[in-house]
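I opened the notebook on this entry to look up how a sheet is put together, what packs on it, and how the chains meet. My notes follow in the order in which I looked.

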Amino acid sequence: MLNQNLKLNSEFFSDEDERKSLRDGFGEGLVIAGEKNKNVIVLCADLEESTRVDDFARKFPERFFETGVAEQNMAAIAAGLGVSHKIPFISSFAVFSPGRNWEQIRTTIAYNKSNVKIAGHHAGVAVGEDGATHQALEDVALMRVMPNMTVLCPCDAIEAKKAALAAAEINGPVYIRLGKQPLRALTTEDTPFNVGRAEIFWEPKAGIAPQCAIIACGSLVGSAILAAKELEDEDIHVIVLNIHTIKPIDLKRIIEIVERTGAVVTVEEHQIAGGMGSAVAEVLAENYPVPIEFIGVDDVFGESGKGDELIEKYGMGVRNIKEAAKKVLKRKVN
Amino acid sequence: MEILHDKKLHFLEENANKIRELIIEMLLEAGSGHSAGSLGMADIFSAFYFHILSHDPKNPDWVDRDRLVLSNGHICPVRYAAMALAGYFPVEELMTLRKIGSRLQGHPYRLALPGLETTSGPLGSGLSQAIGIALAARLDQKKFRIYCVTSDGEHDEGNTWEAVMFAGKHKLSNLTEIIDRNNIQIDGFTEDVMPLEPLREKYEAFRWHVLEVDGHNIEEFVDAVNEARAIYEKPTAIIAHTIPGKGVSFMEQDFNWHGRSPNKEEAKRALDEIRTLGQRIKKEHE
């Protein structure tokens with residue numbers, strides 16, 4: 001059942017519930033951050049509307065800079081602003097930022113500890129029709145290997161808004177990963193969001209021991225919850241952990257739930273290599289080795305299609321998550 | 001900036017020669033590093049740290065200081081030497097260049113050494129960072145100037161031209177770029193590796209004010225910086241024609257010295273030449 005303590009959206013399972021894209025939440029967060037602090041600045045590389053920085057641009061035109069299609073320049077300009085007591089957000093598609101401008105981010109932002117926030121939009125295959133060139137599946141790997149970088153991966157529009165606000169408060173570089181697909185809200189305004197703290201979104205009813213932990217992030221936390229609910233009907237009981245902060249990873253919470261379950265499925269819309277699942281595996285291999293199944297893209301590029309179709313085709317659907325849970329249970333050492 | 005009297009000019013010239021001596025000593029001690037570009041920019045760095053910049057070596061974080069951004073970070077020996085002489089840190093510390101635990105990293109690391117404005121080395125992104133600092137200054141209505149030293153070779157990088165376009169669009173008149181036009185890069189002469197000319201016309205087409213100077217004529221350089229301060233509505237690029245390896249005959253104009261440091265024997269010859277030159281400069285001033 002959904003964790004009652006976290007004030008999650010009770011309408012999540014209702015088909016009627018409105019879907020909202022993470023970028024909309026992110027854009028709302030930016031406007032609030034801009035109202036709260038006049039040092040918040042936004043830069044964008046010819047994707048003002050697509051990355052939802054248009055409201056900020058209208059409200060604070062003097063603090064909005066359009067760099068044109070020039071992500072490297074955008075990153076390094078932000079680095080200069082960030083060492084000058086400003087809080088710049090750079091906003092583009094993740095394939096370009098942090099894809100194309102990775103070295104500028106590494107040298108001038110991360111190594112340089114400049115206070116820059118990087119919003120990588122359209123991450124994942126569910127970008128859909130635009131095809132593989134525009135579906136970032138490597139960005140978490142690119143960002144989490146960088147010292148000084150915080151990596152956030154919100155699971156719905158509300159969490160995306162909170163991530164933007166939290167990023168503005170952090171003194172240092174932050175990466176925020178955002179998918180395009182509109183999603184049902186899992187959280188509410190009252191759900192806690194603390195950077196670095198993973199939260200148990202789903203757990204078995206009182207008195208039932210969990211058999212497996214599903215650790216999920218971003219766009220697929222909802223799918224992990226749907227899988228958990230269906231597994232419950234088959235008398236398989238799991239915990240779902242929403243790990244919105246991939247770096248610094250919540251080591252304590254991960255070990256805590258794995259001690260209870262002894263088996264893990266990681267779920268993310270990213271390459272399996274180097275992503276959140278890899279981060280979890282690193283932690284567990286060192287501290288508490290248990291069988292793990294990885295849900296993610298398995299060393300291939302995406303293609304054009306509808307978001308939901310692609311999620312299924314590339315093995316990240318609810319069905320795949322359920323199968324992975326069953327598989328990992330068989331591997332479990334009792 | 002105060003007026004450049006003859007006496008001050010003589011001091012800046014002698015000081016540039018002192019910087020050259022220190023560059024050779026540092027590079028010999030380090031056993032690696034970039035000789036040619038560092039020597040070539042000694043006059044300009046002498047002018048910056050001892051005449052042009054409004055700065056306080058004892059208070060390197062002073063908010064209203066002029067910003068000197070070094071984009072081509074590999075010539076940092078010239079910057080370190082000028083900073084040490086200006087009083088940012090002890091001159092003896094120069095001998096720690098490139099050694100483990102040193103604040104003088106092989107390429108400048110802002111967080112290691114107070115007085116550095118950016119972290120640099122990978123080419124093509126320094127002008128962008130200077131633009132960010134210039135935008136922040138404009139937003140905060142600060143009067144300080146932002147100077148950005150770039151190489152000519154780094155104009156091969158697309159990022160450089162993205163930055164040039166942006167600064168032109170935003171009429172960043174508080175920004176002055178100094179292009180070290182020494183015509184060499186690692187693989188050879190710039191015009192063979194990737195032709196940059198007509199460089200002046202390119203900048204003008206990107207809406208910049210452009211000046212060209214002899215980068216070893218301090219008076220001419222200071223005049224150009226002063227002119228740039230008087231230009232509103234446009235950023236200024238000063239194309240400084242320099243001799244790579246300036247002051248050491250066997251290094252001058254030789255691209256093989258771009259990324260090399262001298263051995264003991266070469267360093268001795270280099271120091272002899274620089275000191276002889278120093279005596280000559282002194283004599284001329286008497």
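**Entry 1, a strand pair.** I began with strand 10 (residues 212-216) of chain A and strand 13 (residues 264-271) of chain A, and found that they run parallel and are joined by 4 bridges. Within this pair I looked up A:Ile215, which stands opposite A:Thr266 of strand 13 of chain A. I keep in mind that this is a predicted model.

**Entry 2, the sheet.** Next I asked in what order the strands of the open sheet in chain A are arranged. There are 5 strands in the order 9-11-10-13-14, and I noted that the pairing is mixed. At the edges I found strand 9 (199-202) and strand 14 (292-297) of chain A, each of which pairs on one side only. From one strand to the next, the twist averages 25°.

**Entry 3, helices on the sheet.** I then looked for what packs on this sheet, and noted helix 9 (residues 276-287) of chain A, which touches strand 10, strand 13 and strand 14 of chain A. The direction of helix 9 makes about 145° with that of strand 13 of chain A. I also looked up helix 11 (residues 318-331) of chain A, which lies across strand 10, strand 11 (238-242), strand 13 and strand 14 of chain A. Relative to strand 14 of chain A, helix 11 runs at about 160°.

**Entry 4, where the chains meet.** Turning to the contact between the chains, I found 20 residues of chain A in contact with 18 residues of chain B. On the chain A side, the elements that give two or more residues are helix 3 (71-82) and helix 4 (102-111), and helix 3 gives the most, with 8 residues. I wrote down the make-up of that side of chain A as well: 8 nonpolar, 9 polar and 3 charged residues.

**Entry 5, chain B as a whole.** I counted 10 helices and 7 strands in chain B, and noted that its C-alpha trace spans about 50 × 45 × 45 Å along the principal axes. Why did I take the radius of gyration of chain B to agree with a compact globule? The value is 18 Å, and a compact globule of 286 residues would have one near 19 Å, so the two agree. Of the 286 residues of chain B, 52% count as buried. Finally, taking the contacts in chain B with a separation of 6 or more, I noted that 77% come from residues 24 or more positions apart.

Notes. Residues are numbered from 1 along each chain as its sequence is written. Chains are lettered from A and ligands numbered from 1 in the order in which they are written. This is a predicted model: local features need pLDDT of at least 70, side-chain atom pairs count only at pLDDT 80 or more; totals for chains, interfaces and linings use all residues. Two residues are in contact if their C-beta atoms, placed from the backbone, lie within 7 Å. Ala, Val, Leu, Ile, Met, Phe, Trp, Tyr, Cys and Pro count as nonpolar, Asp, Glu, Lys and Arg as charged, and the others, Gly among them, as polar. The radius of gyration is taken over C-alpha atoms; the globule rule is 2.2 Å times the number of residues to the power 0.38. A residue is buried if 20 or more other C-beta atoms lie within 10 Å of its own, exposed if 12 or fewer, and partly exposed in between; C-beta atoms are placed from the backbone. Two strands pair if DSSP finds at least two bridges between them. Axes are lines fitted to C-alpha atoms, for helices over the stretch in contact, and angles run from 0 to 180 degrees between N-to-C directions.
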